[in-house]
Number of protein chains: 2
Amino acid sequence: MSKLVIVGTLAFDAIETPFGKTDKILGGAATFIGLSASQFDVDSAVVSIIGGDFPQEYLDLLSSKNINVSGVEIVKEGKTFFWSGKYHNDMNTRDTLVTELNTLADFNPVVPTNYCDAEVVMLGNLHPLVQSSVLNQMTTKPKLVILDTMNFWMNSALTDLHDVIKRIDVITINDEEARQLTGEYSLVVAARKIHKMGPKYVVIKKGEHGALLFHNDNVFYAPALPLEEVFDPTGAGDTFAGGFAGYIAKTGDTSFENMKNAVIYGSTLASFCVEKFGTERMKTLTHDEVHKRLLQFKKLTQFDIKLT
Amino acid sequence: MSKLVIVGTLAFDAIETPFGKTDKILGGAATFIGLSASQFDVDSAVVSIIGGDFPQEYLDLLSSKNINVSGVEIVKEGKTFFWSGKYHNDMNTRDTLVTELNTLADFNPVVPTNYCDAEVVMLGNLHPLVQSSVLNQMTTKPKLVILDTMNFWMNSALTDLHDVIKRIDVITINDEEARQLTGEYSLVVAARKIHKMGPKYVVIKKGEHGALLFHNDNVFYAPALPLEEVFDPTGAGDTFAGGFAGYIAKTGDTSFENMKNAVIYGSTLASFCVEKFGTERMKTLTHDEVHKRLLQFKKLTQFDIKLT
């Protein structure tokens, strides 16, 4: 089994959806990535930064899922990154109400020594220089580096973003961001342009419309599971990425055929994440529930046309 | 092999897209449905109405595809239905510029006698009373009745629409229309409500995001093929429906498993339709091209996770 390094935020989120609102609850990209990847019992470590206000029980939760937290810097006198957002009725769009960087503003990630040889690296959405810094610390070339990013960095740190994108294998990005990054409306053309920026594999996330995996002229599509109700989309993209990374770390197989499975696992895990607020659903998720939902994905997508 | 009756418009379309514009060209729901279904070499007949201005060569085109046109009423002194529309840059939204009903305003469909026992009936988008009238003429109960409709009839003839929806087996409808018809945002909940209105099978079309097939608690998803360029979406929904109906007519198998295949065929044929203006691509489409694209759909969607 491979080691998995995850860099990303540990955060407080305050969320408002048409179904209700929360006070500050556990959130952050590394949280969702870690919880999702933990379904594969991989040896993972989170690299992040928090303030003295971050409850020990949250760290204990991660530890209980066998996520190593020795790479989490605690700034006792500092405050933890805080994000607050409100979802519109369609759940596909949201307004950011508050972003307090706090300790995140001075984050210098330090990868624990015994994870500097990790085979899989998941660079969660952060400043591209922070993402690059993690890659610089790896003592052996990882088998697979996956990067998630967002439009914010395209607007504020595009050169740095291009620099780190050159060094990675897989990028996960949503459809609007892929269009912004390339200036192309067609996702097929956008993916081709992103290939030329570096990543051999391009995953374009389309929310309730699923995700596309591109590799040269190959393309694979994983739908999102049609749900009666999307309760809270927060963390769905990170949960998708965590499932992808965790499955690759577990299998050690970076072929395109196996990445199809990784994308299906990502979609499967994301379909749970949105069922409750924040991490509530992922905290209690069992292998058996995941297994049952994978069977649903098979029924949802598999067909048997006899081609004559 | 089953007989297939298709009721719908034969029309002139004038189309403007970001790629260019056309004069009046061949269009209409029955045209696209018929051309698409003709890929299956079924015994089909179109029931429609045209004016004296409709070129004989258009009827000859349909006949050349083995589509019976004896049910097409020709009003020599009348004019053919005309629609003109302009697509926005995203190709998912369009403005209707002109709608001239012309002869369509007084359309009383007459199903040719030798097609009143057809096993499959495809009710293209028309006034629901016209759709009902076709069903009234069937002398034996069809094996499968498929209905397509649109928001226009929900706004102007909702009671008549509900009356015909009670009598059908499969409805094809787009996502926004499903939401309007049911008042539900979730497509899963919307499909359940539509089931209760009559149809055992509900197909929700999502344009570039594919299509969902619902049957009780079963759901199947067919993506749209990711394309470099959507040239003209006109007729894509009808081409989808024609592929669905044609495949069912050819196989005579109305099981849910076979309907999955029908949905995949529908998506496959629609992916060709949008490559050129109007019927241009469908006119020349070969079995071999369809076969190759079905293989693309398999590669696009099929995966092989070993569930332990």
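**Close-up 1. The buried residues of helix α6 in chain A.** In this predicted model, helix α6(A) has Glu177(A), Ala178(A) and Leu181(A) as buried residues. Around the helix axis they cover an arc of only 100°, which puts them on the same side of α6(A). What do these buried residues pack against? Their partners in chain A are α4 (151-156), β11, α7 and β12. Follow the chain just past α6(A) and you meet Gly183(A), with a positive phi of about 70°.

**Close-up 2. Helix α7 of chain A and its buried face.** Helix α7 of chain A spans residues 187-197, and its buried residues are Leu187(A), Ala190(A), Ala191(A) and Ile194(A). Looking down the axis of α7(A), you will find these residues within an arc of 100°, so they line one face of the helix. Packed against them are β11 (170-174), α6 (175-182), β12 (201-205) and β13 (211-215) of chain A. After α7(A) comes Gly198(A), where phi is positive, near 145°.

**Close-up 3. How the two chains are related.** Which rotation superposes chain B on chain A? A turn of 180° does it, with 0.0 Å of shift along the axis and an RMSD of 0.0 Å. This is the relation of a two-fold axis. Both copies use the same surface: of the contact residues of chain B, 100% recur in chain A.

Note on methods
Residues are numbered from 1 along each chain as its sequence is written. Chains are lettered from A and ligands numbered from 1 in the order in which they are written. This is a predicted model: local features need pLDDT of at least 70, side-chain atom pairs count only at pLDDT 80 or more; totals for chains, interfaces and linings use all residues. Copies are superposed by least squares on the C-alpha atoms of residues with pLDDT of at least 70 in both. Two residues are in contact if their C-beta atoms, placed from the backbone, lie within 7 Å. A residue is buried if 20 or more other C-beta atoms lie within 10 Å of its own, exposed if 12 or fewer, and partly exposed in between; C-beta atoms are placed from the backbone. Helices (H or I, at least four residues) and strands (E, at least two) are DSSP runs, numbered from the N terminus. The arc is that of the directions from the helix axis to the C-beta atoms.
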